[in-house]
Amino acid sequence: MSSSRTVSLVTLGCARNEVDSEELAARLAAGGWTLRGEGQDADVVLVNTCGFIQAAKQESIDELLSAADSGAKVAAVGCLAERYGTELASELPEAQVLSFDDYPDIAARLDDVLAGHKRPAHVARDRRRLLPVSPAERQATQQATRQAAQQAANKADLTDLPPGVAPASGPQPVRRRLTGGVTAPLKIASGCDRRCSFCAIPSFRGAFVSRRPPELLAEAGWLAADGVRELLLVSENSTSYGKDLGDLRLLETVLPELAKVDGIARVRVSYLQPAEVRPGLIDVMTSTPGVAPYFDLSFQHASGAVLRKMRRFGDRARFTDLIERVRDACPDAGVRSNFIVGFPGETAADLRELELFLSEARLDAIGIFGYSDEDGTEAATFPAADKLDSGEVARRVGEFAGLAEEVMAQRAADRVGETVEVLVEEALGDGRYEGRAAHQAPDVDGSTTLIADRPLAPGDLVIARVTESAGADLIASA
């Protein structure tokens, strides 16, 4: 096979997909493929798709069609490809549809794509059934999977890694950074054991499996050596970390160790389930130097009746109590969440509960999403009489998005006068810099503009005083 094979890797969706893309990039580089940037001419365009909600699915399909229009060969990986398999391949004959199981041999799979050898797409299946139901029995199965992946990787000679590629956790998995910068996601687990009635993610991402602490520390050290100053811990459910390793408090142990990694200034945790947030975890997240007091809590609603239909825990009173416990431990702690409106059977009283919660909770960042049926979920089978039409769902999204903007702006205004730690990300010129305070996560939250009377550089962690706010964003003086 010619050494001039080129591939452009397009990543859609969440930070978990970003990590997957970096692993794919490393395997491709080790297999002799030359990586091109998004939009650059390449022999093959590999699209790492998202399959979370309808808008994300459509974006993925549009990206695949656009890639095909460029004249390049096209392959689809990621959640949409895994979730629909042969169905997606039938609808998009322009693309080769690959499974998560193809990742260890991705270089060979793209060799086939480039050569015009069309492989049958995989038949979608419930990946929760690939591992034992008992979390304690999963690690042995995963070890066998790792060994098989190692054997496949050795065929690609990953022991002789090209420049820019380094072992992330022993010899496997490998990872090649695609974006640079002073922040990077670190995947601590994959899959989910929860059975929320609206969510299909567990069926195509599989059962929950934790990565072992030594793997995380090794990868954190590699990222730090590449200039990373903040780690964003990602998974489908970070509060479940360690349960399959026999230690439900393992996250509380690992966080301080990650914060001690040489070169790492801040560690941030994403996606916490409110039902699983333990007092000990609150203590660690609010008192450990280097761990951001940042609580990304997946509330989804505030009405107990709606949450029960969602097969989730809580209500307005319980969520308010949780936030109060967090702020009792650290008054300046950041809190963000996402909410679904338009869920089947949602009433005016339910919306009032959500409105009261948003008005009282003083969240730093809020995402509002409209409900839509997802294939294979329990909620999709609810009676048609309970379903709201798309116009009404859109109206509710608009109403609560407006409320969310007001709440976030007010919370930012409340921070004027506070002292914050800002991680510098970019120089804007004229003594101005863009960065993020501890309550601002990359990509999903606001940012802070620093005005400094001394030169700063990306990666500097600076103490500053908030002087103004603009929407959810802050202006601070260092």
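**A buried Asp445–Arg336 contact and its structural surroundings**

Asp445 is found in the loop between strands S17 and S18. The model is a predicted one. Asp445 has a relative accessible area of 16%. The cut-off for a buried residue is under 20%, so Asp445 counts as buried. Its side chain takes part in two polar contacts described here. One joins the side chains of Asp445 and Arg336 at 2.7 Å. In the other, a polar atom of the Asp445 side chain lies 2.8 Å from the backbone nitrogen of Ala441. Beyond its neighbours within four places in sequence, Asp445 is in contact with Tyr294, Arg336, Ala365, His439 and Gln440.

The partner, Arg336, belongs to strand S14, which spans residues 334-341. Arg336 is buried too, because its relative accessible area is 7%. Residues up to four places away aside, Arg336 touches Tyr294, Phe295, Asp296, Leu297, Ala365, Val444 and Asp445. Tyr294 and Ala365 therefore appear in the contact lists of both Arg336 and Asp445, given the contact cut-off of 4.5 Å between heavy atoms. Leu307 is 29 residues from Arg336 along the chain, and the two C-alpha atoms are separated by 18 Å.

The loop that holds Asp445 also holds Asp443. This loop runs between S17 (432-436) and S18 (448-451). Asp443 is exposed, with a relative accessible area of 72%. Asp445, in contrast, is buried at 16%. Asp443 also has a positive phi of about 75°, although it is not a glycine. Most residues other than glycine have a negative phi. A second non-glycine residue with a positive phi is Arg311, at about 60°. Arg311 is found in the loop between helix H11 (304-309) and helix H12.

Helix H12 packs against helix H13, which covers residues 348-361. The packing angle is about 10°, and the axes are 10 Å apart. The two helices are therefore roughly parallel to each other. H12 contributes Arg316, Phe319, Thr320, Ile323 and Arg327 to the contact. H13 contributes Glu353, Leu356, Phe357, Glu360 and Ala361. By residue class, the contact divides into five nonpolar, one polar and four charged.

H12 (316-329) is also among the elements that pack against the buried residues of helix H10. The others are helix H9 (250-259), strand S12 (266-269) and strand S13 (294-296). H10 spans residues 279-287. Its buried residues are Gly280, Leu281, Ile282, Val284, Met285 and Thr286.

Strand S12 leads to an open sheet. Three strands form this sheet in the order S8-S11-S12, with parallel pairing. Strand S8 (183-187) and S12 stand at the edges, each with a single partner strand, so one side of each has no neighbour in the sheet. The twist from one strand to the next averages 25°. Helix H1 (residues 15-30) packs on the sheet and touches S8 and S11. The direction of H1 makes about 85° with that of S8. Strand S11 (residues 230-234) and S12 run parallel and are joined by four bridges. Within this pair, Glu230 has Arg266 of S12 as its bridge partner.

Strand S3 shows another set of parallel pairings. S3 covers residues 44-49, and six of its six residues are buried, so the strand is largely enclosed by the rest of the structure. In a regular strand the side chains alternate between the two faces of the sheet. In S3, Val44, Leu46 and Asn48 point one way. Val45, Val47 and Thr49 point the other way, and both groups are buried. Strand S1 (residues 6-11) runs parallel to S3 and is joined to it by five bridges. Ser8 has Val45 of S3 as its bridge partner. Strand S4 (residues 73-78) also pairs with S3 in the parallel sense, over six bridges. There, the bridge partner of Val47 is Ala76 of S4. Strands of a sheet pair through backbone hydrogen bonds, either parallel or antiparallel.

Notes. Residues are numbered from 1 along each chain as its sequence is written. This is a predicted model: local features need pLDDT of at least 70, side-chain atom pairs count only at pLDDT 80 or more; totals for chains, interfaces and linings use all residues. Side-chain values use heavy atoms; hydrogens and water are left out. Buried means under 20% relative accessible area, exposed over 50%, partly exposed in between (1.4 Å probe, protein chains only). Axes are lines fitted to C-alpha atoms, for helices over the stretch in contact, and angles run from 0 to 180 degrees between N-to-C directions. Angles under 35 degrees count as roughly parallel, over 145 as roughly antiparallel, 65 to 115 as roughly perpendicular and the rest as oblique. Ala, Val, Leu, Ile, Met, Phe, Trp, Tyr, Cys and Pro count as nonpolar, Asp, Glu, Lys and Arg as charged, and the others, Gly among them, as polar. Two strands pair if DSSP finds at least two bridges between them. A polar contact is a pair of N or O atoms within 3.5 Å; within protein, one must be able to donate a hydrogen and the other to accept it, and residues adjacent in sequence count only if both atoms are side-chain atoms.
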